[in-house]
Each structure stands twice: as C-alpha cells, then as structure tokens.
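Trainee: I should like to go through this structure step by step. May I put my questions in order and hear the reasoning behind each reply?

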Amino acid sequence: MSATHPVYALQQAWALAVKRQDLSQIQSFYPAEFRAFDAVKQLQFNAGDYFVHWQQCMEFCPGHSHFDLHQVQLHSSGELALVTALVYCAGSDEQGNSQGCWMRLSQGWQLQQNNWRIIHDHFSVPFDMVTTQVLFQLSPEQGEPV
C-alpha cells in the first residue's frame, strides 16, 4: 500500500474516529448517498440507516474499544480507490467485560469535488458452510493465507 496516497491517511483517520466512537467524525468521511454491507443486522444499509446502526453498535459497547486495521492494501486508479484490510474490533460493556473478533473490510473510495469519500463499506465475518456457524475465533496469527 502506498502511504503517499491521500486515501491512506484518510482511512487511518477514519479508523481512529471509529475507535474513539466519534459518530460525527465518522460521518464526515461519507457522501450524502452511499451503500454499505455490514456483518450484523441487515443485508444492506443506505446512508440514513447506516449511521443509526453505527450508533447502536457503539451503545452495545460503551466502554473501551479497539478498532485496529491490519494488512491494509490500497489499489487506486484515477478517481477510485479500493482498500481492503483485516480489522480487529472489540469493545467492553458497562461491567468491563470485553468481546471482539476479526472481520474483513473492503471500502470503495471516490474522489468527489476534490475530496475522497467512502462510497461503499463492506464488513464481513467468515462462516462454516456445513455448520452455518460464524467463525469468530479466526485470526491472522493462525497462519491463514492472505
């Protein structure tokens, strides 16, 4: 990934806003219209539903949170950029109990009026097709190919 591409720094700032649970800052990275696929709750989200969903996720883990990007890759051409990463997302509840898992992230970025914006988010968690169980225990340290 080219650390000199402007999307690199923007994505790092976006991840920090998520970690800080700063919803207004998170929203500033998105245009008025976009489409998102999250790992929980709905099949897809539009702009209005997505930030309500973000707020609900943050309320679920009101304590200390982790949102750490790993193995980030950026591919760009002209006014479009694609970023993929593995994300460790964890949070603690009001009693201090922490839970978290690794997820996959794909983001589409587009240059709009001289500003890069996230036009598509896609978070996912792998699952076992035979058992239909979500594989929350997977991690990049297990030597999985990337």
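Trainee: Which residue in strand 5 is the bridge partner of Cys89?

Mentor: Please bear in mind that this is a predicted model. Strand 4 (residues 80-92) and strand 5 (residues 98-112) run antiparallel and are joined by 13 bridges. In strand 5, the residue paired with Cys89 is Cys101.

Trainee: In what order do the strands of the open sheet lie?

Mentor: Strands of a sheet pair through backbone hydrogen bonds, either parallel or antiparallel. Here the pairing is mixed, and 6 strands take part in the open sheet. Strand 2 and strand 3 are its edge strands, each pairing on one side only. The order is 2-1-6-5-4-3.

Trainee: How many bridges pair strand 5 and strand 6, and in which sense do they run?

Mentor: The two strands form a hairpin with 2 residues between them. One pair across them is Leu111, which stands opposite Trp116 in strand 6. The sense of the pairing is antiparallel, and the number of bridges is 9.

Trainee: Which residue in the turn of the hairpin between strand 5 and strand 6 has a positive phi?

Mentor: The residue belongs to the loop between strand 5 and strand 6. Its relative accessible area is 77%, over the 50% cut-off, and therefore it counts as exposed. Its C-alpha atom is separated by 36 Å from that of Cys101, 12 residues away along the chain. With a phi of about 50 degrees, the residue is Gln113.

Trainee: Is Gln107 buried or exposed?

Mentor: Gln107 lies in strand 5, and its bridge partner in strand 6 is Asp121. Among the residues that Gln107 touches are Gln11, Trp14, Tyr30, Leu82 and Ile118. Its relative accessible area is 0%, and because buried means under 20%, Gln107 is buried.

Trainee: With which side chain does Gln107 share a polar contact of 3.2 Å?

Mentor: His120 and Asp121 are among the residues touched by Gln107, but that list leaves out residues up to four places away in sequence. The polar contact is a separate matter, and it joins the side chain of Gln107 to that of Trp109.

Trainee: Where do the buried residues of helix 1 lie around its axis?

Mentor: Helix 1 has 14 residues and reaches 20 Å from its first C-alpha to its last, close to the 20 Å expected at 1.5 Å a residue. Its buried residues are Val7, Gln11, Trp14, Ala15, Ala17 and Val18. They cover an arc of only 155 degrees around the axis, so they lie on the same side of helix 1.

Trainee: Which residue follows helix 1 and has a positive phi?

Mentor: The helix itself is covered on its buried residues by elements that include helix 2, helix 3, strand 3 and strand 4. Just after helix 1 comes a residue with a phi near 60 degrees, namely Gln21.

Trainee: Why do the buried residues of helix 3 line one face of the helix?

Mentor: The residues concerned are Ala47, Tyr50, Phe51, His53, Trp54 and Met58. Seen down the axis of helix 3, they fall within an arc of 155 degrees, and therefore they line one face. The face turned away from them carries the exposed residues Gly48, Glu59 and Phe60. The reason is thus the arc, which is 155 degrees.

Trainee: Which elements do the buried residues of helix 3 pack against?

Mentor: Helix 3 covers residues 47-60, and its end C-alpha atoms are 21 Å apart, which agrees with the 20 Å its 14 residues should span. At its start, a side-chain oxygen of Asn46 reaches to within 3.1 Å of the backbone nitrogen of Gly48. The buried residues pack against helix 1, helix 2, strand 1, strand 2 and strand 6.

Trainee: Which residue forms a salt bridge with Lys19?

Mentor: The structure holds 1 salt bridge, and its closest N and O atoms are 3.6 Å apart. Lys19 is partly exposed at 32% relative accessibility, and its partner, at 23%, is partly exposed as well. The partner of Lys19 is Asp68.

Trainee: How many residues apart in sequence are the parts that Asp68 and Lys19 tie together?

Mentor: The salt bridge joins Asp68 to Lys19. Asp68 lies in strand 3 (residues 65-77) and Lys19 in helix 1, so the pair ties together parts whose separation in sequence is 49 residues.

Technical notes: Residues are numbered from 1 along each chain as its sequence is written. This is a predicted model: local features need pLDDT of at least 70, side-chain atom pairs count only at pLDDT 80 or more; totals for chains, interfaces and linings use all residues. Side-chain values use heavy atoms; hydrogens and water are left out. Helices (H or I, at least four residues) and strands (E, at least two) are DSSP runs, numbered from the N terminus. The expected span of a helix is 1.5 Å times one less than its number of residues. Buried means under 20% relative accessible area, exposed over 50%, partly exposed in between (1.4 Å probe, protein chains only). The arc is that of the directions from the helix axis to the C-beta atoms. Contact means heavy atoms within 4.5 Å. A polar contact is a pair of N or O atoms within 3.5 Å; within protein, one must be able to donate a hydrogen and the other to accept it, and residues adjacent in sequence count only if both atoms are side-chain atoms. Two strands pair if DSSP finds at least two bridges between them. A salt bridge is a side-chain nitrogen of Lys or Arg within 4 Å of a carboxyl oxygen of Asp or Glu.
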